[in-house]
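Let's walk through this structure together, beginning with its strands and moving on to a helix and a pair of cysteines. Keep the 3D view at hand as you read.

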Amino acid sequence: MPPKFPNEVKIVMLRTTGGEVAGGSALAPKIGPLGLSPKKVGEDIAKATQDWKGLRITVKLIVQNRQAAIEVVPSASSLVIKALKEPPRDKKKEKNIKHSGNLSLKEVIEIARKMRPKSMAKELRGTVREILGTCFSVGCTVDGSSPQDISEKVASGEIEIPEN
């Protein structure tokens, strides 16, 4: 049965591992009713998320006229882990990974700029602090010191965050 409105746009959000074909069983209940083939969409998602190999990532499917456009919506943690430039790991073999890398404050600000539309903070400074919190939970350091220390310095105004 074709959809009632041919030009209607449906948006489906999915969490998937980048660069891997998601199981048809995970996709079928979400996109089957829209008249799409789960296998084909799974392959398209794998192709679109190739540079996020091995990371859990949110994917936005925009379906119109039984055509799916795929958009990658990166989360703060996946941007931080990608910025650490670690080699992709096998999900099945290695569990509870600690990411012990080091990021520069400039990279953190760059990630904050990408995440700005999703952030609830009033200023970029608040978004930078959100990303620093993510760095802490991921387990990496920023400029060689703890992200918590840098977050406190940003809050007190010791470290100036340029707005533009």
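Please bear in mind from the start that this is a predicted model.

A good place to begin is the sheet. It is an open one, built from three strands in the order S1-S2-S3 with antiparallel pairing. S1 and S3 are the edge strands, each of them pairing on one side only. From one strand to the next, the twist averages 25°. As a general reminder, the strands of a sheet pair through backbone hydrogen bonds, either parallel or antiparallel.

Now let's take the two pairings in turn. Strand S1 covers residues 9-17 and strand S2 covers residues 56-64; the two run antiparallel and are joined by nine bridges. To find the register in your viewer, look for Met 13, whose bridge partner in S2 is Lys 60. Another landmark in this pairing is Thr 16, which stands opposite Ile 57 in S2. On the other side, S2 pairs with strand S3, residues 67-73, again in the antiparallel sense, over seven bridges. Here you can use Thr 58 as a guide, as its bridge partner in S3 is Val 73.

How many residues lie between the strands in the hairpin of S2 and S3? There are two, and in this hairpin Asn 65 takes a positive phi near 50°.

Let's return to S1 for a look at its side chains. In a regular strand the side chains alternate between the two faces of the sheet. With that in mind, have a look at Val 9, Ile 11 and Met 13, which form a nonpolar patch on the surface. Together these three residues have about 280 Å² of accessible area. Met 13, which lies in strand S1, is worth a closer look. Its relative accessible area is 45%, so Met 13 counts as partly exposed. Met 13 thus appears both in this patch and in the bridge pairing with Lys 60.

Next, let's turn to helix H2 and the charged side chains there. The structure holds two salt bridges. In one of them, Lys 39 pairs with Glu 43, and the closest N and O atoms are 3.8 Å apart. Why do these two sit about one helical turn from each other? Because Lys 39 and Glu 43 are four residues apart in helix H2, which spans residues 38-48. Lys 39 is exposed, with a relative accessible area of 61%, whereas Glu 43 is partly exposed at 38%.

Asp 44 and Lys 40 also meet through their side chains in a salt bridge, at 3.5 Å from N to O. Asp 44 and Lys 40 are four residues apart in helix H2, so about one helical turn separates them. Asp 44 is partly exposed, with a relative accessible area of 24%.

Finally, what about the cysteines? A disulfide is a covalent bond between the sulfur atoms of two cysteines. The structure holds zero disulfides. Cys 135 is in none, and the nearest cysteine sulfur, that of Cys 140, is 4.0 Å away. The reason is distance: at 4.0 Å from the sulfur of Cys 135, the sulfur of Cys 140 is too far for a bond, given that a disulfide requires the two sulfur atoms to be within 2.5 Å. Are these two cysteines buried or exposed? Cys 135 is buried, with a relative accessible area of 0%, and Cys 140 also counts as buried, at 3% relative accessibility.

Notes
Residues are numbered from 1 along each chain as its sequence is written. This is a predicted model: local features need pLDDT of at least 70, side-chain atom pairs count only at pLDDT 80 or more; totals for chains, interfaces and linings use all residues. Side-chain values use heavy atoms; hydrogens and water are left out. Two strands pair if DSSP finds at least two bridges between them. Patches are made of residues with over 30% relative accessible area and no salt bridge: like charges are joined within 9 Å, nonpolar side chains (Val, Leu, Ile, Met, Phe, Trp, Tyr) within 5 Å. Accessible areas come from the Shrake-Rupley method with a 1.4 Å probe; for residues, only the protein chains shown count as cover. A salt bridge is a side-chain nitrogen of Lys or Arg within 4 Å of a carboxyl oxygen of Asp or Glu. Buried means under 20% relative accessible area, exposed over 50%, partly exposed in between (1.4 Å probe, protein chains only). Axes are lines fitted to C-alpha atoms, for helices over the stretch in contact, and angles run from 0 to 180 degrees between N-to-C directions.
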